[in-house]
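Here is a short walk through one protein model, written for someone who likes to follow along in the viewer. We start with a single loop residue and work outwards from there.

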Amino acid sequence: MKKAILMYNPKAGNRQIINLVDHIAERLQELGYELRLYRSQSKGSIRKYIVDHLEEKELDLIIVSGGDGTINEVVNGMMQKEIDIPILVLPLGTANDFAYSAHIPNDIEEALNLIECGEIKYVDIGKVNNQYFINVCNMGLFSGISHIVDLELKKKFGKLAYYVKGFEELQNYQAMDLEIELPDIKIRGDYILILVFNGKAAGGFTRLAKNASIEDGEFDIIGIKKVEIHDIPMLFLKVLQGEHLTDPNIDYWVTNRVNIRCYNEEKNFVTDVDGEEGPKFPLSIEAKQNLLRFYLKK
Ligand SMILES: Nc1ncnc2c1ncn2[C@@H]1O[C@H](COP(=O)(O)OP(=O)(O)OP(=O)(O)O)[C@@H](O)[C@H]1O
């Protein structure tokens, strides 16, 4: 029999996985897999388990159940261990932004069917300093929201929990004085938020980088410039509706690498990778291809 492991975060999203484990085992056995389980104990334990216990030659499939934070741990563990085993995502987190970008069905039965009817494809991953990300690396306004919204609140209110915190944060935002270096240009300016997208969505907002692709080897970068506080709601409304590409207060770049330096770092701006705390400035961000494979739709 082939061998698979299900690595699951029991606290992600509304915790459906707890009632699904038996069914997943049944489906996997039907497909000819022997299933091993790893239940994430706390933040960081999936990454550590991969590094300490997984061997490429002993496994044919890694199933990850959770949201972007959980997938991020799998990606970082696999990159650290240098193993390349096909990954199947069961999108059981809150926003599931990566799954949205990768067209992975939210329905668990349909997601499991990808093993039989889907295709194994390489997808791009991002590297920022020494951390990897699969969906987005962002900094500035709203970037710390998912670090402070607690899991109980997410269980109760889902994505709404993110938006309430976002509104609170808007009251006293600060602009970052940034130098942004792309392969062909270097810009210095005041920005309130930078989003470096591998995927298309963040916080469940699906039109932010609607043209981005996880298979093109490039990031879509959105830079929101400093504006008056009363102009922010209108600007964000445009961004959320996907009508921001032509706004003079928004920069949009497509590139496979970017370096970002912050000149007012003493204000302790937050950086974020896939909803988890990211590294400190300066940031060196690069798109990587052909490193990790996922089960996706044909
Ligand atoms: N057993 C556990 N108990 C508590 N937290 C855990 C456990 N295992 C992992 N975590 C942490 O739970 C957090 C949330 O996980 P994840 O991002 O996958 O779900 P989510 O936030 O509900 O979904 P999304 O990121 O798609 O909105 C992560 O920071 C992860 O490290």
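Let's begin at Phe142, which sits in the loop between strand E7 (136-140) and helix H6 (145-148). The model is a predicted one, so keep that in mind as you look around. Phe142 is not a glycine, yet its phi is positive, about 70°. Is Phe142 buried or exposed? With 24 other C-beta atoms within 10 Å, Phe142 is buried.

Phe142 has company in the odd-backbone department. Glu82 also isn't a glycine and has a positive phi, about 60°. Glu82 belongs to the loop between H3 and E4, and it counts as exposed because there are 8 C-beta neighbours inside 10 Å. A further oddity is the peptide bond from Phe281 to Pro282, which is cis, with omega near -5°. As for Pro282, look in the loop between strand E14 (276-277) and strand E15 (283-296). For background, most residues other than glycine have a negative phi, and most peptide bonds are trans.

The loop that holds Glu82 is also home to Asp84, found between H3 and strand E4 (87-91). Asp84 has 14 C-beta neighbours inside 10 Å, so it counts as partly exposed. Leaving aside residues up to four places away in sequence, Asp84 touches Glu56, Leu292 and Arg293. Lys57 is 27 residues from Asp84 in sequence, and their C-alpha atoms are 9.8 Å apart.

Here are the three loop residues with their surroundings:

| Residue | C-beta neighbours within 10 Å | Class |
|---|---|---|
| Phe142 | 24 C-beta atoms | buried |
| Asp84 | 14 C-beta atoms | partly exposed |
| Glu82 | 8 C-beta atoms | exposed |

Now zoom out. The protein has nine helices and 15 strands. Its radius of gyration is 19 Å, close to the 19 Å that the globule rule gives for 298 residues, so the protein is as compact as a globular protein of that length. The C-alpha trace spans about 60 × 40 × 35 Å along the principal axes. Buried residues account for 42% of the 298. Of the contacts with a separation of 6 or more, 77% join residues 24 or more positions apart.

The chain is split into domain 1 (2-126 + 292-296) and domain 2 (133-287). Taken over C-alpha atoms, the centres of the two domains are 26 Å apart. Domain 1 puts 20 residues into the contact and domain 2 puts in 28. On the domain 1 side, H3, helix H4 (97-101) and strand E5 (119-128) each supply at least two residues. By class, that side has eight nonpolar, six polar and six charged residues. In UniProt, an unreviewed entry lists residues 1-132 as "domain: DAGKc". That span is 36% helix and 28% strand, and its end C-alpha atoms lie 32 Å apart.

That leaves the ligand. Where does the ligand's shell lie relative to the two domains? Both domain 1 and domain 2 give residues to the shell, so it lies between them. There are 22 residues around the ligand, with Gly67, Gly69, Thr70, Gly93 and Thr94 coming nearest. Helix H3 (68-81) and helix H7 (151-157) each supply at least two residues of the shell, and H3 gives the most, with three. By class, the shell has 13 polar, five charged and four nonpolar residues.

How values were computed: Residues numbered from 1 in each chain as written. Predicted model: local features only at pLDDT ≥ 70, side-chain atom pairs only at ≥ 80, totals over all residues. Helix = DSSP H or I, 4+ residues; strand = E, 2+ residues; numbered from the N terminus. Rg over C-alpha atoms; globule rule 2.2 N^0.38 Å. Buried ≥ 20, exposed ≤ 12 C-beta atoms within 10 Å, placed from the backbone. Contact = placed C-beta atoms within 7 Å. Near = placed C-beta within 6 Å. Nonpolar A, V, L, I, M, F, W, Y, C, P; charged D, E, K, R; others polar. Domains from an automatic or database assignment. UniProt positions renumbered as here; feature names shortened; annotations may be inferred.
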